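Biologist: I would like to look closely at a single part of this protein, and to see how that part sits within the whole. Could you take me through it slowly, in one connected account?

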Amino acid sequence: YTYSPGTSYEIHALKDINLNIPDGQFIGVIGHTGSGKSTLIQHLNALIRPTSGTVSYNGEDVWAENYNRRALRSEVGLVFQYPEHQLFESDVLSDVCFGPMNQGKSREEEAKKALLQVGFKEKNFKKSPFDLSGGQKKRVAIAGVLAMNPKILILDEPTAGLDPKGRDEILDQIAELHKVRGITIILVSHSMEDVAKYVERLIVVNHGKIAFDDIPKKVFAHYKELEEMGLAAPQITYIMHALKEKGLPVDPADTTVEEAKQDILHALREMNSTLLKGGVQND
């Protein structure tokens, strides 16, 4: 994809992208600012058209002449980084009703269900969306897409600007939706800890190209290369490498707190067992 082709402002935002996304995966997308990740996800529901190449959904070219792109956007829902771009009605419930209404579905039933799924309290349904906190606005924006029962949910930085508690709440609810509904989740995030904890596949975009596409453990094993791209591994990975260098028999590929905890406890038990055996032999 090229912005402003043929002008002095021409920017090659995406180059030689080749991706296959199966049903039901929980995918993370990371990359430095300007890497092309937001441009990439906007292709997935035909918000922008590739300069060359094709985007196919279930084997059909979404830019074919008679393709129903409106129906596509109901099945592939995109939640923007800034929820204000998706909120426009006078109250929360009306806002979330808008998508199902356009689909000819029962509006309030779908809207209420979606709002409750993202942890939004019923007593606030009639509030103006513009009077809400940042975290509440994000919940409403996500609910607005969920109310259309998408098969794929794309989230562009859904936790940006939230405190740790709000971030964990939203991501835990998204993970639960993935588990219960079985929908495909594509999460764009700057938080290495978040993608390490939640996603099963991690795509790294660098200067418009796919630099890595693998399970998080294998991607973060390239932490030095990620640093050169302006990224990093989760803090836990650095801690585990440091412990390994100090002689503790741990796995430096650990990326989450839970993995590290279990690994460190196991290593300490092994070391204590060795020391105790040595002590008995010395006696």
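Modeller: Before turning to the single part, it helps to have the whole in view: this is a predicted model, and the protein in it has 11 helices and 10 strands. Its C-alpha trace spans about 80 × 55 × 35 Å along the principal axes, and 44% of its 283 residues count as buried.

The part I have chosen is D156, which belongs to strand β7, a strand that covers residues 152–156. D156 is a negative side chain, and although it is buried, it has no salt bridge. The nearest side chain of opposite charge is that of K37, which lies 6.5 Å away, whereas a salt bridge is counted only within 4 Å. What the side chain of D156 does make is a polar contact with the side chain of S38, at 3.2 Å.

S38 also appears among the residues that D156 touches once its neighbours within four places in sequence are left aside, and the others in that list are I41, V79, F80, Q81 and V188. As a setting for this, among contacts in the protein between residues at least 6 apart in sequence, 61% join residues at least 24 apart.

Returning to charge, the protein as a whole has 33 positive and 39 negative side chains, and the centres of these two sets lie 3 Å apart. As for the surface, the protein exposes about 15100 Å², of which carbon and sulfur atoms supply 50%, while D156 itself counts as buried.

Terms used: Residues numbered from 1 in each chain as written. Predicted model: local features only at pLDDT ≥ 70, side-chain atom pairs only at ≥ 80, totals over all residues. Heavy atoms only, no water. Helix = DSSP H or I, 4+ residues; strand = E, 2+ residues; numbered from the N terminus. Buried < 20%, exposed > 50% of the residue type's maximum accessible area, 1.4 Å probe, protein only. Polar contact = N/O pair within 3.5 Å; in protein donor to acceptor, adjacent residues only side chain to side chain. Contact = heavy atoms within 4.5 Å. Areas by Shrake-Rupley, 256 points an atom, 1.4 Å probe, with all protein chains shown as cover. Charge placed at Lys NZ, Arg CZ, Asp CG, Glu CD.
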